[in-house]
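Good morning. I have a few minutes, and I will use them to walk through one structure. Please have the sequence and the picture open.

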Amino acid sequence: MTSTLPAATGIEVPAQRTAAPTPRSTGRTQPPQRLRSSRPDLLVCGLLLVAILVVQGWNIADYPTLSDDEGTYLAQAWAVQEGRGLAHYTYWYDHPPLGWIQIAVLTWIPALISPDTMTVGTMRAAMLLVSAAGAVLVYVLGRRLALPRWAAALGMALFGLSPLSVVLQREIFLDNLAVMWTLLAFALAASPSRHLWHHFGAGIAAATAVLTKETMLVVLPALLLTMWRHSHRDTRKFAVTGAITACVLIGLSYPLFALLKGELLPGVGHVSLWDGITYQMSRPGSGFILDEGSGSHGVLQSWLYYDRVLPLGGLAGALLLLLTWRWSVTARALAGPALTVAILALVALRPDGYLPAMYIIQALPFLALVLAGGTASVAHAVLRKRRREGRRPHARYALAAVLALAASAYVVPRWYDGARTAMTTDANAPYQAAAHWLGTEVEHPADTRVLVDDALWLDLVHHGYEPGLGAIWFYKADLDPAVTRTMPRGWRDLDYVVASPTVRRDAVDLPNVRAAIEHSAPVAVFGTGADRIEIRRIQQAGTPGGER
Amino acid sequence: MAAFTLWWQMHAWRTPEVLASTRFSRPDGAEQLSFSLLLPARHEQAVLDHTIRRLLESAHADFEIIVIVGHDDPATAEVAHTAAARDPRVRVVVDTHEKKNKPKAMNTALPHCRGDVVGVFDAEDQVHPELLAHVDHAFRATGADVVQGGVQLINFHSSWYSLRNCLEYFFWFRSRLHLHAQKGFIPLGGNTVFVRTDVLREADGWDPNCLAEDCDLGVRLSSVGKKVVVAYDSEMVTREETPGSLMSLLKQRTRWNQGFLQVYRKRDWKQLPTFGQRLLARYTLMTPYLQAVSGVVIPLNVAIALFLDVPVGVAFITFLPAVTALVTFVFELVGLHDFGKQYGLRVRFVHYVKLIVGGPFYQVLLAGAAVRAVWREQRGRSDWELTSHVGAHLAHVNREDVPA
């Protein structure tokens with residue numbers, strides 16, 4: 001026989017399932033075979049889930065500040081729901097569309113019952129489902145990677161309650177959905193039954209993650225490592241190739257889709273997948289992350305402003321696990337998440353790469369897991385290492401208690417502040433006021449053309465503005481030929497411009513938008529300082545909304 | 001259809017535990033059963049002597065070999081009688097039926113069997129010396145009524161279709177039969193099958209009018225709730241050869257397909273206790289029909305998606321069968337690698353290429369055989385088109401012990 005299992009399975013009984021599971025050679029602690037029926041696990045996981053949902057859900061619409069990206073994804077989801085295509089403007093292969101198709105599905109029923117709820121603030125509630133699924137998956141993955149119950153719970157808490165997570169996971173970002181799928185892929189790859197179809201499913205989930213947010217591509221090697229470690233020598237060949245095949249085939253459906261639409265390669269008069277990829281690859285870099293004054297450094301500072309424990313502690317945990325690879329079983333068990341963190345850290349350290357603020361979202365669950373794993377490693381070293389009978393166990397427990405208390409003393413006040421801010425601050429009053437003003441003070445919304453950022457775009461659509469050419473996503477006034485064609489006289493063909501922080505920031509590179517701001521005067525201002533939102537009326541001879 | 005194929009094809013590899021359970025367990029050394037091994041031979045004087053010698057090398061203590069020859073086949077009979085004179089464990093039974101076929105031959109020999117268990121081999125089989133001891137143990141350890149051992153075609157390098165044929169056997173015996181055994185509905189294979197003698201007599205032996213008497217026996221036995229155990233061990237399989245020409249492969253496949261249809265029409269499977277089992281039976285026995293249909297439909301689908309101007313959504317859906325077919329392809333490649341590993345055979349790159357390129361043509365062949373079977377069955381033609389063997393597996397695999 002060329003291949004054997006470590007333990008013979010008694011008699012051969014193909015007519016029934018073989019009962020005896022084979023012990024693994026790694027000597028790791030066995031995760032429970034069925035988490036679903038383990039009462040303590042359910043209890044811990046359930047309680048944490050409630051805590052996470054309360055902290056993330058309370059005040060979700062008013063904090064953090066609405067972002068233009070959220071608005072874009074939701075507007076695209078709205079376009080899908082309305083059957084207008086894959087985006088509210090021409091879909092140009094900026095991202096694969098699967099992400100907002102999922103958002104469309106998630107928000108389908110509420111939007112059906114009350115169409116007006118399809119605005120960014122309200123629909124953030126849908127992200128709670130995603131956060132909840134992600135948090136549970138972190139726990140499951142932690143357990144499947146042989147973490148003790150408390151450490152898996154710690155990982156889940158870190159993932160769901162870190163102020164950084166609370167801020168980012170509340171927002172309607174594709175990354176949050178992609179993270180959920182990636183976690184599912186990892187959990188399936190680490191399936192204790194090592195079932196072929198589970199690994200196959202991991203491949204499908206991984207492909208879904210990539211089609212949700214393409215940046216997940218870089219995480220795939222770590223997923224492969226996890227699957228490799230968790231598959232059995234005898235069936236690995238089939239499991240791993242099956243997973244890769246599933247992933248590749250599902251992934252190829254995107255170019256196939258472009259091909260069937262005749263938009264795979266660039267050509268005159270249509271968008272193409274090729275152009276979309278070229279654009280994403282050639283986005284101007286934001287500098288080296290450790291270079292003070294660079295854009296990337298600013299992004300890093302913005303993360304650390306919310307929380308230092310998870311990003312820095314997670315990095316330290318990953319480093320610890322990678323260094324103790326040879327001695328620590330926990331380190332080997334957590335190889336996948338540690339590698340994920342390492343890959344993402346290296347990608348972030350590119351000398352001049354583009355680093356968006358949501359970049360860290362995909363690292364959050366893995367940072368949490370390696371930090372929890374590192375803590376478990378330290379706890380093990382303190383409590384168990386070289387322990388002999390009767391040699392001062394109390395001292396060890398005392399030391400552990402002191403460490404735990406010190407860590408709590410550092411973390412708890414900071415996180416408490418973060419949670420309180422998230423649950424009480426109203427950051428979006430100016431947006432709501434602006435939306436209200438545009439809905440009540442403008443006489444003929446249907447004939448009025450407004451430049452607006454996407455965070456408000458859907459509000460305007462609900463107030464009766466014409467989607468696309470009446471309520472105009474401000475970028476399109478310069479970048480989309482289908483829109484500029486309707487504005488032969490430039491800013492003169494517009495009535496209002498809603499100068500939100502995003503619009504003011506990006507107007508520098510958009511001549512039409514800049515001109516519109518320059519040739520307009522504020523009629524209403526909400527908020528103060530850099531965050532203020534100005535509704536500016538275009539200064540021109542005709543009456544507002546008169547000409548088209 | 002493709003998804004189902006994928007499901008059974010990969011059954012054995014689902015989890016390491018399942019894979020382990022598909023193997024023979026190690027015999028305990030105690031041998032208690034006696035075996036009567038049936039060896040029907042017809043115009044097979046070239047390979048028969050080698051097969052008998054090899055069977056006689058079996059390590060088991062208590063067995064007899066019953067060679068069944070036709071009264072009109074003196075050359076084979078002579079080889080058989082010589083062997084019988086040489087060793088008392090070999091006996092010869094002469095089949096005097098006017099129209100001969102394998103089930104009739106075996107029914108002729110059944111009353112002469114003295115062993116507790118009847119085993120069936122073909123005249124060109126290479127049987128492993130340890131097989132009987134393992135089967136003995138399997139009977140006693142599981143309380144089975146039937147034990148089906150593995151059969152494997154080995155000469156994958158002979159031609160493009162033999163490569164696919166070998167792999168088909170590999171997946172069938174390595175994986176699919178186990179699924180059938182687990183579900184309680186199993187079409188048995190033609191040889192390396194062992195049945196308790198009393199059970200076999202109770203079932204009145206084989207159906208002399210069925211073209212797939214092996215499948216029929218399995219269906220009848222599982223329909224009355226007999227326990228069938230399948231065990232596969234790459235070392236312990238019976239090695240065979242692929243048909244020598246494309247035409248004979250087509251004929252062989254036509255015969256099997258037609259046999260399946262006959263078994264379907266006999267309706268013994270309707271006695272199966274659960275709905276799921278009956279569904280599996282229906283699906284398995286209908287495979288020839290389904291194959292004929294899918295052979296036409298899949299290429300048509302892809303052609304529609306590529307050449308006709310259909311909406312993107314529809315085009316997407318028409319690609320779905322192609323996706324499952326692609327997954328199957330990939331698993332076949334891995335299966336070929338595993339096959340090479342298990343049997344210590346060198347699988348070269350060109351073989352993988354052949355496997356891929358030959359795939360569609362083999363599908364055409366299968367579809368052709370299916371159509372032919374349906375057509376013959378409709379016309380009421382049910383004579384045997386026997387496969388002839390040239391001994392390719394002997395020549396290539398065991399060059400040293402082939403008699404000149």
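I will start with chain B as a whole, go on to one of its helices, then turn to the domains of chain A, and end where the two chains touch.

One thing to keep in mind throughout is that this is a predicted model.

Chain B, then. Its secondary structure comes to 14 helices and nine strands. Along the principal axes, the C-alpha atoms of chain B fill a box of roughly 75 × 45 × 45 Å. Does the radius of gyration point to a compact globule, or to something extended? For 404 residues, a compact globule would have a radius near 22 Å, and chain B has 21 Å, so the two agree. Of those 404 residues, 50% are buried. Now take the contacts in chain B between residues with a separation of 6 or more: 82% of them join residues that are 24 or more positions apart.

Next, one helix from that chain. Helix α3 of chain B covers residues 45–56, which is twelve residues. From first C-alpha to last, α3(B) reaches 17 Å, close to the 16 Å expected at 1.5 Å a residue. Which residues of α3(B) are buried? They are V47(B), L48(B), H50(B), T51(B), I52(B) and L55(B).

Now chain A. The domain assignment gives two entries here: domain 1 is 35–385 + 394–424, and domain 2 is 429–538. Note that domain 1 of chain A is written as two stretches of sequence. Taken over C-alpha atoms, the centres of domain 1 and domain 2 of chain A are 34 Å apart. Where they meet, domain 1 of chain A puts in 16 residues, and domain 2 of chain A also puts in 16 residues. On the domain 1 side, the largest share is seven residues, from helix α2 of chain A, residues 68–81. By class, that side of domain 1 of chain A has seven nonpolar, six polar and three charged residues.

Last, the two chains together. How many residues of each chain are in contact with the other? The count is 30 residues of chain A and 39 residues of chain B. On the chain A side, α9 (196–212) and α11 (233–260) each supply at least two residues. The largest share of that side comes from α11(A), with ten residues. Sorted by class, the side of chain A that touches chain B has 14 nonpolar, eleven polar and five charged residues.

That is the end of the tour. Thank you.

Definitions and conventions:
Residues are numbered from 1 along each chain as its sequence is written. Chains are lettered from A and ligands numbered from 1 in the order in which they are written. This is a predicted model: local features need pLDDT of at least 70, side-chain atom pairs count only at pLDDT 80 or more; totals for chains, interfaces and linings use all residues. Helices (H or I, at least four residues) and strands (E, at least two) are DSSP runs, numbered from the N terminus. The expected span of a helix is 1.5 Å times one less than its number of residues. A residue is buried if 20 or more other C-beta atoms lie within 10 Å of its own, exposed if 12 or fewer, and partly exposed in between; C-beta atoms are placed from the backbone. Domain bounds come from an automatic or database domain assignment. Two residues are in contact if their C-beta atoms, placed from the backbone, lie within 7 Å. Ala, Val, Leu, Ile, Met, Phe, Trp, Tyr, Cys and Pro count as nonpolar, Asp, Glu, Lys and Arg as charged, and the others, Gly among them, as polar. The radius of gyration is taken over C-alpha atoms; the globule rule is 2.2 Å times the number of residues to the power 0.38.
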